[in-house]
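Trainee: I would like a close look at one part of this model: the way its helices pack and what lies around them. Could you walk me through it at an easy pace?

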Amino acid sequence: MADAEKRPRPLPRPTPETQHFWDGTRVGELRLQRCLDCGTVYFPPRPFCPGSGSRNVEVFRASGKGTLLSYVINHRQHPSFDSPYSIALVQLEEGPTMMSNIVGCEQTPEALVLDMPLEVTFEDHGDIVIPLFRPA
Amino acid sequence: MTVAIVGAAETTQLGKIPDTSQIELHADAALNAMADAGLTPADIDGVATAGESPVGIAHYLGIAPRYADGTSVGGCSFMLHVRHAVAAIEAGMADTVLVTHGESGRSGIGRGGRGGGGGAGLPDQFEGPYGGMGPTTMFTIGVLRYMKQYGMTHEQLATVAVVQREWAGMSPRASYRDPITVEDVMASRMIAYPFHLLECCLVTDGGGALILTKAERAKDFPQKPVYIMGTGESVETPMVSQMKDLTSSQAFRIAGADAFKSSGISHSDVDHLMVYDAFAHLPIWGLEDLGFCERGEAAGFIEDGNTRPGGKLPLNTNGGGLSYMHSGMYGMYALQESVRQMRGTAPAQVPGAEVSVCLGVGGMFAASGCIVMTNSEPA
């Protein structure tokens, strides 16, 4: 997505509560959390359930499958991206939504069709691996 | 004495806590206090905090509040939060207020995330990497979903900007006053599909101020009094990607419902409406979330001329953020126009207007405040 002269995309600094997520992407897994009391699947990570307040939660590997919920195609210049590029919201199969970029297709309204099936793919930045999505 | 403290707790650990980020310190203390009181997040309807935003704390804890206090004046912020909470509870603005503190003062874990990427805050980690360029990409990201769900057309979205330019044309202080057409909007530069330049707010400089006092004193002042009939507020999430429903703002719905309830008005009482329009879809969300239109019908409502000069619900009569001005925190200018309309001094005055509703937004649907004003003297 970014050419050689571009700066790398802004990378996250994991915190103790999000470390499992970023450890997961490094081994090719998209990880979510589930409340063992009320069953809520949630994202982004935290060590308790935002549905019930329970601290009785677990981390699990998600399917990596989802659909295209909504997006914009940014036309302004960005130091790390070649415009135009999509910024998308993905509806994950397990329930939560997450922001990402859709890669592996034209960045046009014609190619980016709402509700199209997507699957996770990973972009390696060394210590940090970013989850992206592509048409499934 | 009408208000009591029923839950109180510190974090599970104190001292040196390198395995816990700052927001989790807030949450840990909050969960401990809730356990102390026998409550869960669903029982809390007010959030006050400093150091972190009450938006972030409410969303992190899973609270949908109708009262939020982010007063941040240093180490005594929590004393002010308690005082404000007493007033809020006595006024019926909230029943159960949570005041939180958490600070990774020694270990510095998860401090200072501002959402621009490269940081440790949740927006930095989970939205920052994807090339967002602030509001033009983040505020607008749910609109394609709305268009698919309700059949709104690109032309209808453009019509919002066209109608507001009509109002701006009547306002000498508006930044842009020349009439525009739907074709002009559609031909303007693409900023972030589906948004064109003329569907995005201006970037300008300015300021505003308000002075409030008791209604019984109001007639001693030189200007016609404008009375506050009711108010509402809420916060949802600091991350647009985590909105419960992209096609509607939970914060708008909670703030609007409280404003209507506390003022005792119905929709037919409203003569004038302001909806903070950072982008052209905001008035559509506002009309629906305040209950003036059914879901999916606001774009047609605007297209049919109901919010134009002479329409039955004059909306954004200064031209709004799209044409009047937008300094970044436009809410002050929406309030100023509501005051002018209630004083009868607006350049595009709505004849005989007695009730004005003013709906504001903060962040990308992160927060909302709603104020109902009238020029009718309280009975």
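Mentor: Happily! First, some vocabulary: an angle under 35 degrees counts as roughly parallel, over 145 as roughly antiparallel, 65 to 115 as roughly perpendicular, and the rest as oblique. This is a predicted model, in which local features need pLDDT of at least 70 and side-chain atom pairs count only at pLDDT 80 or more, while totals for chains, interfaces and linings use all residues. Residues are numbered from 1 along each chain as its sequence is written, with chains lettered from A and ligands numbered from 1 in the order in which they are written.

Start with helix 10 (residues 250–263) and helix 11 (residues 282–289) of chain B, which pack at an angle of about 50° with their axes 9 Å apart. (Helices are DSSP runs of H or I, at least four residues, and strands are runs of E, at least two, numbered from the N terminus; axes are lines fitted to C-alpha atoms, for helices over the stretch in contact, with angles from 0 to 180 degrees between N-to-C directions.) Helix 10 of chain B and helix 11 of chain B are therefore oblique to each other. Phe252(B), Arg253(B) and Gly256(B) come from helix 10 of chain B, and they meet Trp285(B), Gly286(B) and Asp289(B) of helix 11 of chain B (in contact means C-beta atoms, placed from the backbone, within 7 Å). That contact of helix 10 with helix 11 of chain B has 2 nonpolar, 2 polar and 2 charged residues (Ala, Val, Leu, Ile, Met, Phe, Trp, Tyr, Cys and Pro count as nonpolar, Asp, Glu, Lys and Arg as charged, the others, Gly among them, as polar).

Now turn to another pair in chain B. The axes of helix 1 and helix 2 of chain B come within 10 Å and cross at roughly 60°, so helix 1 of chain B and helix 2 of chain B are also oblique to each other. From helix 1 of chain B, Ile23(B), His26(B), Ala27(B) and Ala30(B) meet Gly56(B), Ile57(B), Tyr60(B) and Leu61(B) of helix 2 of chain B. The contact of helix 1 with helix 2 of chain B has 6 nonpolar, 2 polar and no charged residues.

A sheet comes next. In chain B, 3 strands form an open sheet in the order 2-1-3, with parallel pairing (two strands pair if DSSP finds at least two bridges between them). Strand 2 and strand 3 (97–100) of chain B are the edge strands, and each pairs on one side only. On average, neighbouring strands of this sheet are turned by 10° against each other, direction ignored. Strand 1 (residues 46–49) of chain B pairs with strand 3 of chain B over 4 bridges, in the parallel sense, and Gly46(B) stands opposite Val97(B) of that strand 3. Across strand 1, strand 2 and strand 3 of chain B lies helix 3 (residues 77–90) of chain B, running at about 175° to strand 3.

Step back to the domains of chain B: the assignment gives domain 1 (22–111) and domain 2 (136–374) (bounds come from an automatic or database domain assignment). Their C-alpha centres lie 29 Å apart. Between them, 11 residues of domain 1 of chain B are in contact with 14 residues of domain 2 of chain B. Helix 2 and strand 2 (67–69) of chain B are the elements that give two or more residues to the domain 1 side of this contact. Helix 2 of chain B has the largest share of that side, 5 residues. By class, the domain 1 side has 7 nonpolar, 3 polar and 1 charged residues.

Finally, look at where the two chains meet. The contact takes 44 residues from chain B and 41 residues from chain A. Helix 1 (22–37), helix 2 (54–61) and strand 4 (190–193) of chain B are among the elements that each supply at least two residues of the side of chain B that touches chain A. The residues of that side of chain B divide into 20 nonpolar, 18 polar and 6 charged. Strand 4 (residues 65–74) of chain A is joined to strand 4 of chain B by 2 bridges, and these strands run antiparallel. Ile73(A) has Tyr193(B), in strand 4 of chain B, as its bridge partner.

Note on methods. Two residues are in contact if their C-beta atoms, placed from the backbone, lie within 7 Å.
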